[in-house]
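Hi,

Here is the structure I promised to pass on. Have a look at it first, and then read my notes underneath.

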Amino acid sequence: MTGPERADARPPDADALAFLTRPGLTRLWTAARTRLERNGLQPAGTIRLEHLDAQEREALSLLLARPITGPTATIRLPDLDTRLRASAVGRGLTSTLEELGPLLTDRRAVRDAATAERARVWSAAQAEVEVTSLSAQAWTAQWLEEIRRGGTLARQDRHTATTVVTQAIHTLATLFPGTGPRPTPATWGRGELATRTTGSAHGLDDGTLLSRLVLRGIALARGVESPADAPARRALWRMASVTPDEVSSTVLTYGLRPTGGTWRERALRERADHHMETHLTLRELRALRLEVQPGTRVHVCENPRVVEAAADTGGGTAPLICTSGSATTVVLTLLDALAAAGCTFVYHGDFDWPGIALANRIRHRYGAEPWRMRAADYEYLATRAQLHGTPQIPLTGTPADAEWDPELTPAMAALGIALHEEAALDLLLEDLGTSVRTHPSGDSPC
């Protein structure tokens with residue numbers, strides 16, 4: 001619709017407005033609105049209305065000044081526009097639809113504007129690349145093309161998209177200076193690098209769009225696959241001389257006795273001998289030599305209370321690793337190292353649906369056997385809790401199949417009671433005190 005039509009057309013009188021808003025014309029206006037918004041607000045083309053009822057046929061006949069008698073009507077929008085102008089409505093189709101509301105959207109113009117915005121973003125990105133060391137890097141063109149085709153950046157507003165891609169370029173240029181002088185320092189902490197290139201120490205945190213773009217650039221630069229999980233992301237950062245935060249997250253352990261000869265392994269053995277739990281960071285795990293007797297059994301639990309109780313009782317020497325809820329990167333890193341060293345695993349967690357899902361994950365990744373996690377164990381603990389008058393926790397959420405025991409999930413669903421790991425604490429402590437593997441050599445496990 002043209003500007004003068006919007007400005008000069010007088011509102012239709014009350015009778016005309018009442019006619020236009022009658023129910024028999026509702027589908028006509030809806031179809032016409034859709035077509036106009038696709039047409040750049042120009043009354044062109046046709047619309048087809050099917051399965052017309054008597055009310056619609058009557059209204060269309062009066063509006064179009066021609067009889068509509070069948071169940072289908074084809075209406076040319078130029079003819080409808082002309083008819084509206086010549087009638088008591090006194091305005092064209094576009095103006096009429098806006099009078100009926102809401103305002104029309106020129107979707108073609110919106111698409112064209114979005115295309116122009118994206119072009120400006122990529123133009124700005126190319127210009128930034130040209131003034132950095134990335135212009136001489138063979139992988140840069142592929143990186144930019146993958147970002148463009150991926151569409152994630154295009155879904156951001158222009159300011160956000162330009163900011164993110166510019167920061168990604170500056171970050172990668174800092175890490176890959178080419179033949180120019182390398183910025184100081186040569187090895188970066190991830191927070192330090194983020195502060196330098198984004199102004200925020202959290203700018204390159206996992207999960208951000210910026211970190212994903214930078215990691216893809218690093219992968220292309222190093223000729224490796226993009227990382228699929230958190231450990232792979234950390235490894236890729238280190239390939240670019242960036243040290244992720246490896247001290248804030250820890251894994252809780254008890255009774256861990258690696259046989260290595262450095263002070264680190266000796267310290268762990270001494271803490272185990274004194275029945276002390278130990279929190280290990282990723283940084284410590286990378287430095288540890290986790291040499292163990294193949295076949296050593298490692299107990300894995302979900303809740304820190306199990307470790308605390310084991311340390312309090314001071315009984316047994318069975319190694320115990322706590323996932324502290326859903327296993328994080330540092331937990332999986334330790335379990336991966338123990339699995340590589342030949343350990344076997346047993347697992348116990350909460351008898352609720354998230355607990356079953358986590359047990360499935362640990363079982364898949366490490367071949368862990370259930371540790372008092374079968375249907376008979378659940379039924380025994382539930383019965384004991386009821387006899388003791390323990391308040392019951394309703395089992396809620398989406399059920400998860402316990403893949404190691406087909407009877408467990410139906411038993412839990414039937415009783416409808418959630419049991420946290422602490423309900424089995426006495427039994428777990430009994431196992432930890434008696435189920436230590438004995439080796440012919442007399443060496444300590446783990």
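Below is what turned up, starting with the sheet and ending with the cysteines.

One thing to keep in mind: this is a predicted model.

The sheet is an open one, built from six strands in the order 6-5-8-7-9-10, with mixed pairing. At its edges sit strand 6 (278–281) and strand 10 (369–370), each of which pairs on one side only. Strand 6 runs antiparallel to strand 5 (residues 250–254), and four bridges join the two. If you want a spot to zoom in on, Val251 has Leu280 in strand 6 as its bridge partner.

Helix 16 packs on this sheet and touches strands 5, 6, 7 (297–301), 8 (320–322) and 9 (344–347). Its direction makes about 50 degrees with that of strand 5.

Helix 16 (residues 329–340) also packs with helix 17 (residues 353–366), at an angle of about 35 degrees and with the axes 11 Å apart. Their crossing is right-handed. On the helix 16 side the contact is made by Leu332, Leu335, Asp336 and Ala339, and on the helix 17 side by Arg361, Ile362, Arg365 and Tyr366. By type, that contact has five nonpolar residues, three charged and no polar.

And how many disulfides does the structure hold? Zero. Cys301 has the sulfur of Cys322 as its nearest cysteine sulfur, 4.0 Å away, but a disulfide needs the two within 2.5 Å, so Cys301 is in none. Cys301 is buried, at 0% relative accessibility, and Cys343 is buried too, with a relative accessible area of 8%.

Cheers

Technical notes:
Residues are numbered from 1 along each chain as its sequence is written. This is a predicted model: local features need pLDDT of at least 70, side-chain atom pairs count only at pLDDT 80 or more; totals for chains, interfaces and linings use all residues. Side-chain values use heavy atoms; hydrogens and water are left out. Buried means under 20% relative accessible area, exposed over 50%, partly exposed in between (1.4 Å probe, protein chains only). Axes are lines fitted to C-alpha atoms, for helices over the stretch in contact, and angles run from 0 to 180 degrees between N-to-C directions. A crossing is left-handed if the near helix is turned anticlockwise from the far one by less than a right angle, and right-handed if clockwise. Contact means heavy atoms within 4.5 Å. Ala, Val, Leu, Ile, Met, Phe, Trp, Tyr, Cys and Pro count as nonpolar, Asp, Glu, Lys and Arg as charged, and the others, Gly among them, as polar. Two strands pair if DSSP finds at least two bridges between them.
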